[in-house]
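I opened the notebook to record what I looked up in this model. The entries follow in the order of the searches.

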Amino acid sequence: MKFNDDAQLDTSQVQDRRGSSGSGGGGGFSLGKGGLAGGGVGVVAIIVFVLFQVFSGSGGSSTGSPGVGGLLSQLAGGSTPNAQADSKNLVCTGGATSSDDCEVLAIVNSVQSFWSQQLATSGTTYTESDTVFFSGSTSTGCGTGETGMGPFYCPADKQVYIDLSFWSELKTTFNANDALFTQAYVLAHEYGHHVQDLLGTSARISTAAGATSGSVRLELQADCYAGVWANHASTVAGSDGKVLISDITSQDVANALDTAGKIGDDYIQTTLGSGTVDASTFTHGSSAQRRKWFTTGYQTGKPTACNTFDTNSLG
């Protein structure tokens, strides 16, 4: 994966809260893995359910249950925290390759530029979503976000949250790779949830668990949307009209697919859970399904190919 250092980066799309008063320590709660990966890793069942409700990217409920902010507030034992916190801007005057943080910023810029253009062609306005870098814990519109949740999208404040130490956790906990394009897949997946939120998809889908559940279908569609962006990434221009990412290789795609296979519900249950696969608790899809849907998006480059809600689509 190569970047074009001549392209200007939009630093306004990232909030860096690391080391700020809104990050690192404090109360709240820890819910284990969320957002990109699920499957149950020995966490109390009700907490797992709430986690998957919130961090699968679903902003609504068809059952009349409390909203995401309310659910997390109940667990945290208080009112929903203000999502604002002290933050600083990244300095990326040397382009994307000037630092690891700037490479992540370039990926965020590319993903958002793509979806802004894509949604405009269908008459939908894309609203930018900041990515928030934090360490330890941070205040969000969905309650207190913590490192142990992994990267996640909060529909209440429409922002993506990530503790960048997650890249190391991919290797140590999930036995996956932390290659640069793997990071791009992770971020593009979370922005896929933002697109679902903007299109109203999340609000229409029940997020109950199960092999053919709405939660699984939402997650697989986010994987597919990540693949769609990847198909176009080397042609997506930033705010100055210059392409942000100049090249994506077959090895990059292989790295993403390897990671997709390591965060499937069945793989996580087998390697990190009880060792037994229980499809009735699936929330993100099997390893094979996650690889399939990223590949579908990547090979077609068309969001319309990401209809994971078709009756026979999960196969």
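**Aromatic pairs.** I note at the outset that the model is predicted. I searched the whole structure for aromatic pairs and got eight. I took up one of them, W115 with Y225, which is edge-to-face. I have 5.1 Å centre to centre and 65° between the planes for this pair. I then asked which helices hold the two residues. W115 is in helix 3 (residues 100–121) and Y225 is in helix 7 (residues 214–232), so the pair ties together parts that are 110 residues apart in sequence.

**Burial of the pair.** I checked whether each partner is buried or exposed. W115 has 1% relative accessibility and therefore counts as buried, the cut-off being under 20%. Y225, at 6% relative accessibility, counts as buried as well. I also looked for further rings in the group: F114 joins W115 and Y225 in one aromatic cluster.

**The four-stranded sheet.** I next traced the strand order of an open sheet and wrote down 2-3-7-6 for its four strands. The pairing in this sheet is mixed. Which strands stand at the edges? They are strand 2 (14–16) and strand 6 (152–154); each has a single partner strand, so one side of each is left without a neighbour in the sheet. For the twist I have an average of 25° between neighbouring strands of this sheet, direction ignored.

**Strand 2 against strand 3.** I looked up how strand 2 pairs with strand 3 (residues 131–133) and found the parallel sense, over three bridges. For the register I noted V14, which stands opposite T131 in strand 3.

**What lies across the sheet strands.** I looked at helix 5 (residues 180–199) and found that it lies across strand 3, strand 6 and strand 7 (159–162). Helix 5 runs at about 25° to strand 6.

**Strands 4 and 5.** I turned to strand 4 and strand 5 (residues 143–146), which run antiparallel and are joined by four bridges. The connection between strand 4 and strand 5 is a hairpin through two residues. S137 stands opposite E146 in strand 5.

**Faces of strand 4.** I asked which residues of strand 4 (residues 137–140) lie on each side. S137 and S139 are on one side, and T138 and T140 are on the other. I list these four residues as buried, and both faces of strand 4 as covered.

Conventions
Residues are numbered from 1 along each chain as its sequence is written. This is a predicted model: local features need pLDDT of at least 70, side-chain atom pairs count only at pLDDT 80 or more; totals for chains, interfaces and linings use all residues. Side-chain values use heavy atoms; hydrogens and water are left out. Buried means under 20% relative accessible area, exposed over 50%, partly exposed in between (1.4 Å probe, protein chains only). Two strands pair if DSSP finds at least two bridges between them. Rings of Phe, Tyr and Trp (its six-membered ring) pair if their centres lie within 6.5 Å; planes under 30 degrees apart count as stacked, over 60 as edge-to-face and the rest as tilted. Axes are lines fitted to C-alpha atoms, for helices over the stretch in contact, and angles run from 0 to 180 degrees between N-to-C directions. Contact means heavy atoms within 4.5 Å.
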